[in-house]
Amino acid sequence: MPVDIRVAMVNQAFVPPGMIIGETGAHLPSLGLLMLASAIEEADSTMKGRVAYFDEEQLGFETCEKAVTSWLRGAETGLVMLTTYTMTHHRQEAFIRAMQLHGFLCLAGGPHVTVHPNESSADAVVLGEGVSAMRSLFPWPGFLPRGVPGMRYRNVDEQGNVSWSGAERPLRQLLPSMWPSPSFAYHLLPEGIEHRASRKRNLAGRAPMSIVLSKGCPSACHFCTSGAQNGPWAVGPVERFRFDLEHMLVHTKAEAIEFHDDDLFSHPDAEEVFAIMKSVGLPWTCYTRANPLQGEAGQRLARLARDAGCERVFLGLESMKNERLKGLGKKATACMNRQAVLNLHDAGIEVSAAWIIGLPKDTWEGLEEELEMFLALPLYCLDVNILNINPGSVFSKKIVAGRLSTSCGSEVESAEDLLPNPERYGNQEPWGQPTLCERMSKTELNLFAEHARHRIEIALLPMNTRMQANKQDRFEAFQHDLLAEIAERR
Ligand code: B12
Ligand code: SF4
């Protein structure tokens, strides 16, 4: 006799438009789905053995579909769970529709549907955190109940008309101290998945495993959706972290640890967290802001982190000019950014940084000047990102309210007008999304980004002389083409 329910947690491969599975730099476990799995097993211990995790990059698209299907067929109800992201929402949609053809129930959650729930084909979506929904759904009553916290239901009438009912607002209050225990069901990760960190976090090719011990961020930058997704910043107790880390080390073959907290160094017990990492002895990376890395306290924290195995830190500097930092809503100045980089560097920690270009007043000359400021810093690498409009960010709200305009002049009346649409906004970076720069077109921003990435590669990457020479040749050829193209356009 089949069991009443099985759950398939599907970690879809990250495949941006124009790429194929496996081409991106990063492939990491889905901490969100592992947390939901742990919440289910905690809410109903008979679910142990009935929740399985599938990794699309490991299995490939078709095999993944087949593996999920054959697993779920062994139960009366098959429940599929997926996390949604804006840039790859079309892929989540394709998978959901394929699963629905087999009669499985599909639930979606995560950053995209939290802001755009009605864009989904899933039977129900969860807005915000998903732990409360799992605690309400399990033990499974035999049907999808109404009134589940954060859940919004897709209703289709006999004529095929779709309407939505249920939660209107995301749930964002669940504190890390209220997460299930263990916070992440690492024990469900199938063997043989080859996780990898992107270049900026790669530690000599060691297999990374991720962990997080907080929700949200102390800042609220205008381009970022951390606040819209997670609500106010809150950190978890150190004891929970110790337990989660042990659980991870027992069940995975982690060779390096990636912290996914938005700002690890601001954790009030950061020193204790570092002491635990020192006892584990694995190298690690994390994200942080410039703010906790100021003055002598910042120097001390950086030294402690290095001593505890921290090899590289990702700092979202975003700009080295105060007026641009202000425009981005950063709570840091160029001077603070510089000090944070130097404190980390002096402690022996490599710094990966990010730079956002394409603000309304940006010009080619101004960006060129800023590039020099970045290149004067002792950075390990520097990501160049063209400002994109993430759903739920301050920028997206300003555009919808008419207080900011897109550079292409497209009329934006609702948040839906900002969803990725390559026909409307072009397929250059940011794919299918508008840019905001008044003085540089999307094409010009892409050209500048490419030019800057070449300069950064040459300036920052330590390489043997021959490679350097090859790169210099390629760069000169590229620069020649670029100048010709700009001259032609002018
Ligand atoms: C790790 C990470 C990645 C990893 C993803 C690894 C993976 N398999 O999950 C990698 C490096 C691949 C990645 C890539 C990208 N990322 Co990313 N990433 C993160 C990061 C730093 C941590 C995510 C995490 O682990 N959170 C902790 C877990 C516990 O929380 P969670 O995933 O949100 O899950 C909870 C809820 O969302 C919900 N939930 C989630 N899924 C589901 C499913 C169901 C069924 C239910 C009911 C509930 C539910 O319940 C969970 C528990 O409460 C976040 C920032 C952040 N702090 O969240 C950005 C973030 C998610 N990424 C973001 C972006 C923009 C990207 C990229 C587009 C970057 C790029 N330009 O390439 C790509 C796109 C990814 C894709 N698949 O399309 C944005 C998302 C914006 C958006 N609207 O899509 C975020 C929010 C960062 C930001 N503030 O801008 N990312
Ligand atoms: S500091 Fe980073 S994570 Fe925090 S709000 Fe700003 S961009 Fe988002």
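Helices (H or I, at least four residues) and strands (E, at least two) are taken here as DSSP runs, numbered from the N terminus. The model is a predicted one, so local features need pLDDT of at least 70 and side-chain atom pairs count only at pLDDT 80 or more, while totals for chains, interfaces and linings use all residues. Residues are numbered from 1 along each chain as its sequence is written, with chains lettered from A and ligands numbered from 1 in the order in which they are written.

Helix 9 makes a handy starting point. Just after helix 9, Gly281 takes a positive phi of about 80°. Within the helix (residues 270-280), Ala270, Val273, Phe274 and Met277 are buried, meaning that 20 or more other C-beta atoms, placed from the backbone, lie within 10 Å of their own (12 or fewer is exposed, in between is partly exposed). These four cover an arc of only 100° around the axis, which puts them on the same side of helix 9; the arc is that of the directions from the helix axis to the C-beta atoms. Packing partners of the buried residues are helix 8 (238-251), strand 12 (284-288) and helix 10 (295-307).

Next comes the core. The largest nonpolar core has 123 residues, and Met9, Leu36, Val80 and Met81 have the most contacts inside it. Such a core is a set of buried Ala, Val, Leu, Ile, Met, Phe, Trp, Tyr and Cys residues joined through C-beta atoms within 7 Å. Helix 1 (residues 31-43) supplies the largest share of this core, 7 residues. Domain 1 (3-157) and domain 2 (198-387) both contribute residues, so the core lies between them; the bounds come from an automatic or database domain assignment. Neighbours within four places in sequence aside, Val80 is in contact with Ala8, Val10, Val68, Met99, Phe104 and Cys106, a contact being two C-beta atoms, placed from the backbone, within 7 Å.

As for the ligands, 35 residues surround ligand 1, and Gly32, Tyr85, Thr88, Gly109 and Gly130 come nearest; a residue is near if its C-beta atom, placed from the backbone, lies within 6 Å. Helix 1 again turns up, giving the largest share of this shell, 4 residues. Both domain 1 and domain 2 give residues to the shell around ligand 1, so it lies between them.

Around ligand 2 sit Cys217, Ser219, Ala220, Cys221, Cys224, Ser226, Asp262, Arg289 and Gly316.
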